[in-house]
Amino acid sequence: MVFDTTQRLLLAQWAVALVVIPLLQIVYRLVLHPLARFPGPKLAAMTKWYEFYFDICKSPGGQFAEEIRRMHKVYGPIIRINPDELHVEDPEWYDTLYASNPTRRDKWPAAAKMVGTPLAGFGTVEHTVHGKRRAALSPLFSSRSIVDAGDVMKEQIEILCRRFGHHHKTKEPIGLRTAFMGFTLDIVSVFALGESMGLQHDMDRARGWVDMLKAVSKITPMAKQFPWLISWGQKLPLGILRVIDPTMAGLLQVHEVSTELLHLERTNDAEDDFAGYAYQGVSISHRQGNEKARGGESTEELTSYASSTF
């Protein structure tokens, strides 16, 4: 193939750009970036591929948290873990980070988007909106609510104890992860939707939830590196996605199941004043926030399930 002068010049310009632009970016991150003065590995400051390696490539995956611990031992309590983030290991700094109003801090978008719940509290970037969504759930964790939930917890504990007793008597092995998953989600679903999911009576469904929530933990590091990944996956039919990426399909299946459970709650309003409090509170907060979509309610349920079981 013969290139004329114009084509050669264009190729040379592209070659220079592919070399010079990354070099300039590295110089900026190491010298001129606002975080340049903080200690940490230079490679971590230069590129996010450092974090990618520990979370995605190094077996068994998700190892960047361990690398951060190692960094603190070497570099001290405040370290730069990637080009745009600091990590602080200092209990005395807690009150600074979680200072009361009027301090305003928006959430880091890359972290907020990790599980694809932009309408839930976990995925909310803007400070004021996050405050409203968090306030909707705050009464659920009050002393009165916890006392009111005593009977619910006692009932689920008794079911769990009967299961342990049965396996002790029959000498059959029991999967503790699955048993505790069913126990936890049955309690959380009463809080969130007003009705137990009944997983303690159906271990096959409980195992399904174990697999789905494992998918959440596996896909989260990848989604942090590629924020567009989940929104892309949501556009594909679940059946096709299971063939392309079973882990991503597992995460989106959790979204789908949460939405179905919320639909059941809407059509079967609980008579108990306590039951479904989280659903009621989130509904109110989203109406007050003038949200265009009610998807925030189901995504709030999703983050409730995930955070309660990890």
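A residue counts as buried when its relative accessible area is under 20%, as exposed when that area is over 50%, and as partly exposed in between. By this rule Cys57, with a relative accessible area of 49%, is partly exposed, and Cys161, at 46% relative accessibility, is likewise counted as partly exposed. These values come from a predicted model, in which the count of disulfides comes to zero.

**Helix α3 and its surroundings**

Helix α3, which spans residues 49-57, has Tyr50, Glu51, Phe52, Phe54 and Asp55 as its buried residues. The elements that cover these buried residues include the helices α2 (42-46), α4 (64-75) and α11 (203-225), together with the strand β1 (78-82).

**The nonpolar cores**

In soluble globular proteins, nonpolar side chains tend to be buried together. The largest nonpolar core in this model has 11 residues in all, and among them are Met181, Leu185, Met197, Leu199, Trp209 and Val216. Helices α10 (176-193) and α11 each supply at least two residues of this core, and α11 gives the most to it, with seven residues. A second, separate core has nine residues, including Ile219, Leu229, Ala249 and Leu252.

**The cavity and the pocket**

How many cavities of 30 Å³ or more does the structure hold? There is one cavity of that size, and the space in the largest cavity comes to about 30 Å³. Its lining is made up of Lys48, Glu51, Asn82, Glu85, Trp108, Ala110, Lys224 and Gln225.

The largest pocket, for its part, holds about 1800 Å³ of space. It is lined by 47 residues, of which Leu97, Tyr98, Asp106, Lys107 and Trp108 are the closest to its centre. Several elements each supply at least two residues of this lining, including α3, α4, β2 (85-88), α5 (94-97), α6 (109-112) and α11, while the largest share, seven residues, comes from α7, the helix that runs over residues 127-137. Trp108 thus appears in the lining of the largest cavity and also among the residues closest to the centre of the largest pocket.

The table sets out the classes of residue in the two linings.

| Lining | Nonpolar | Polar | Charged |
|---|---|---|---|
| Largest cavity | two residues | two residues | four residues |
| Largest pocket | 21 residues | 13 residues | 13 residues |

Glu51, one of the buried residues of α3, is also one of the residues that line the largest cavity, and α3 itself is among the elements that supply at least two residues to the lining of the largest pocket.

How values were computed: Residues are numbered from 1 along each chain as its sequence is written. This is a predicted model: local features need pLDDT of at least 70, side-chain atom pairs count only at pLDDT 80 or more; totals for chains, interfaces and linings use all residues. Side-chain values use heavy atoms; hydrogens and water are left out. Buried means under 20% relative accessible area, exposed over 50%, partly exposed in between (1.4 Å probe, protein chains only). Helices (H or I, at least four residues) and strands (E, at least two) are DSSP runs, numbered from the N terminus. Contact means heavy atoms within 4.5 Å. On a 1 Å grid over the protein atoms alone, a cavity is a set of points where a 1.4 Å probe fits but cannot get out, and a pocket is an open set with protein on both sides within 12 Å along at least five of seven lines; lining residues have an atom within 4 Å of a point. Grid points are joined across faces, edges and corners, and a volume is the space filled by probe spheres set on the points. Ala, Val, Leu, Ile, Met, Phe, Trp, Tyr, Cys and Pro count as nonpolar, Asp, Glu, Lys and Arg as charged, and the others, Gly among them, as polar. A nonpolar core is a set of buried Ala, Val, Leu, Ile, Met, Phe, Trp, Tyr and Cys residues joined through side-chain atoms within 4.5 Å. A disulfide is a pair of cysteine sulfur atoms within 2.5 Å.
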